[in-house]
Amino acid sequence: MAQVTPTDGRPATSKEVGRRARVAPRVASLPPSGIREFFDLVQTMDDVISLGVGEPDFRTPWHVCDEIIDSLERGRTAYTSNQGIIELRTAISGYLQRLYGVEYDPNSEVLVTNGVSEGIDIAMRATLCPGDSVLVPEPCFVSYSACAWLAGGEAIPVPTRIENGFRLRREDLEAAVRPNTRSLMLGYPSNPTGAVMTRAEMGEVAQFVLDHDLLVYSDEIYDRLVYDGHQHVCFATLPGMRERTILLNGFSKAFAMTGLRVGYTCAPADLTEAMCRIHQYAAMCCSTSSQIGAAEALAHGEGEVQRMVADYDQRRRLLVGALKDMGLDCFEPQGAFYTFPSIRSTGLTSREFASRLLEEERVAVVPGTAFGPCGEGHVRACYATSRENLRLAVDRIRRFIDRLH
Ligand SMILES: Cc1ncc(COP(=O)(O)O)c(C=O)c1O
């Protein structure tokens with residue numbers, strides 16, 4: 001059993017040693033999510049305007065809830081097939097075909113998961129061997145490196161920077177790749193930066209993937225949330241990539257269904273079968289009600305998606321415009337619902353800025369370092385909140401910044 005030294009310098013009691021040693025070292029060494037840590041503090045405070053949590057403030061479209069209620073009344077509460085109900089898998093396949101022209105067989109290449117969160121986990125567990133490394137562009141969603149680690153692999157950060165519009169460049173990938181690199185994690189449109197990549201830029205990434213014989217996990221959960229005429233590039237549509245890509249997507253963001261927990265993976269049959277084997281033992285299936293709701297969202301939810309995207313776009317303009325007005329160097333986000341301004345001009349670190357803004361003005365943002373060390377000098381503000389809240393938050397942030405100067 002590993003000896004545990006208490007931080008106050010006294011020897012560990014046998015109880016402490018025993019309790020600690022029950023947790024696997026791989027898990028014990030995982031740092032807690034920087035977002036959670038911060039939001040535990042927010043929960044203890046009143047009158048906070050939160051630009052923190054990355055969650056739509058819209059309610060789930062009513063027709064989705066109605067369909068779920070109807071299915072409950074009809075007693076549809078049993079397990080489904082491990083892969084998910086065929087109506088939903090067929091709908092997902094048709095949706096991707098319509099949007100991007102990419103084809104997945106609903107019988108063998110689509111798996112319904114408990115959100116993209118589960119998709120990331122099982123994609124990595126199904127494909128990584130101990131000692132493999134995964135390239136992870138940063139700053140990025142908090143799960144990527146943790147899931148790689150839990151799957152027995154190691155995440156190699158690939159820093160992206162505001163000077164390059166937070167885009168992933170081939171030279172940065174070449175500088176990071178190692179002989180043991182097995183795969184690349186992509187997350188565009190990006191949480192936390194709002195960056196999107198063009199087809200030409202993605203083409204260079206695809207060439208890198210071919211040259212190094214890698215697999216790709218492509219988290220496209222924000223695919224529908226793109227602005228200013230930008231087009232989302234579905235990575236599997238690039239030449240040679242469909243065979244090498246596990247496409248991850250879900251209903252949380254575009255359809256405002258975070259708590260219903262529905263996502264999906266699309267990948268060649270051998271990879272889908274491998275992921276389904278983990279999913280069947282760890283989760284059995286996704287909630288039946290939620291799958292029914294998701295199928296309804298795809299069948300009749302397009303108008304709602306477009307209405308929400310148009311609204312996010314206005315909020316994006318409001319927040320980004322105001323932050324720039326305050327003199328912050330603010331990269332223009334083209335996707336997702338986050339802005340990631342540089343706060344270097346204030347002389348504070350990300351953590352100091354976020355803590356003081358919370359304590360002094362009751363506005364919650366997330367320190368950029370929660371998304372990787374290269375997020376230092378930035379904070380993430382989510383604009384998936386009402387315009388009224390955004391205006392209040394902007395007034396408070398302006399007051400805070402004026403006081404610093
Ligand atoms: C980039 C990204 N991927 C995945 C997720 C998890 O989504 P889900 O609710 O589908 O598990 C999030 C949630 O914030 C996210 O930002």
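Helices, as the term is used here, are DSSP runs of H or I with at least four residues, and strands are DSSP runs of E with at least two, numbered from the N terminus. The structure is a predicted model, and the elements named below follow that assignment.

A convenient place to begin is strand β6, which covers residues 215-219. Five of the five residues of β6 are buried, so the strand is largely enclosed by the rest of the structure. In a regular strand the side chains alternate between the two faces of the sheet. In β6, L215, Y217 and D219 point one way, while V216 and S218 point the other way. The residues of both groups are buried.

Strand β6 has pairing partners in β5 and β7. With strand β5 (residues 181-186), β6 pairs in the parallel sense over four bridges, and S183 of this pairing stands opposite L215 in β6. With strand β7 (residues 245-250), β6 is likewise joined by four bridges, and the two strands run parallel. Here D219 stands opposite L248 in β7. Helix α9 (residues 199-211) enters the picture together with β5 and β6, since the three elements make a right-handed β-α-β unit.

The loop between β5 and α9 deserves separate attention. P189 is placed in this loop, and the peptide bond from Y188 to P189 is cis, with omega near -5°. P192 is placed in the loop between β5 and α9 as well. A cis peptide bond joins N191 and P192, with omega about 25°.

N191 leads from this loop to the ligand, as N191 is one of the residues around it. D219 of the buried strand β6 also belongs to the ligand surroundings. The other residues around the ligand are G115, V116, S117, F141, Y144, I221, Y222, S252, K253 and R261. Several polar approaches to oxygen atoms of the ligand can be described. A polar backbone atom of V116 is 2.7 Å from an oxygen atom of the ligand. An N or O atom in the side chain of S252 is 2.7 Å from an oxygen atom of the ligand, and for the side chain of K253 the corresponding distance is 2.6 Å.

Aromatic residues form a further theme, and F141 and Y144 connect it with the ligand surroundings. A pair of aromatic rings is described by the distance of the centres and the angle of the planes. The count of aromatic pairs comes to 13. F141 and Y144 form one that is edge-to-face, at 5.7 Å centre to centre and with 75° between the planes. F141 has a relative accessibility of 25% and therefore counts as partly exposed, whereas Y144, at 5%, counts as buried. F337 and Y338 form an edge-to-face pair too, with 5.2 Å centre to centre and 70° between the planes. Both F337 and Y338 are buried. Ring pairs link these two residues with F58, Y222 and Y312 into a cluster, and Y222 is also among the residues around the ligand. Elsewhere, R26 lies over the face of W149, at 4.2 Å from the ring centre.

A separate open sheet contains three strands in the order β9-β12-β11, with antiparallel pairing. β9 (338-339) and β11 (366-367) stand at the edges, each with a single partner strand, so one side of each is left without a neighbour in the sheet. Strand β12 (residues 379-382) is joined to β11 by two antiparallel bridges. Within this pairing, V379 in β12 is the bridge partner of P367.

Helix α13 (residues 350-361) contains E361. At 6% relative accessibility, E361 counts as buried. The side chain of E361 makes a polar contact with the side chain of R403, at 3.0 Å.

Two loop residues complete the account through their backbone geometry. D228, in the loop between β6 and β7, has a positive phi of about 55° although it is not a glycine. With a relative accessible area of 45%, D228 is partly exposed. M284, in the loop between α10 (269-282) and α11 (288-300), has a positive phi of about 70° and is not a glycine either. M284 counts as partly exposed at 32% relative accessibility.

Terms used
Residues are numbered from 1 along each chain as its sequence is written. This is a predicted model: local features need pLDDT of at least 70, side-chain atom pairs count only at pLDDT 80 or more; totals for chains, interfaces and linings use all residues. Side-chain values use heavy atoms; hydrogens and water are left out. Buried means under 20% relative accessible area, exposed over 50%, partly exposed in between (1.4 Å probe, protein chains only). Two strands pair if DSSP finds at least two bridges between them. A crossover is right-handed if, with the strands pointing away from the viewer, the path from the first strand over the helix to the second runs clockwise. Rings of Phe, Tyr and Trp (its six-membered ring) pair if their centres lie within 6.5 Å; planes under 30 degrees apart count as stacked, over 60 as edge-to-face and the rest as tilted. A charge sits over a ring if NZ of Lys or CZ of Arg is within 6 Å of the ring centre and within 35 degrees of the ring normal. A residue is near a molecule or strand if one of its heavy atoms lies within 4 Å of it. A polar contact is a pair of N or O atoms within 3.5 Å; within protein, one must be able to donate a hydrogen and the other to accept it, and residues adjacent in sequence count only if both atoms are side-chain atoms.
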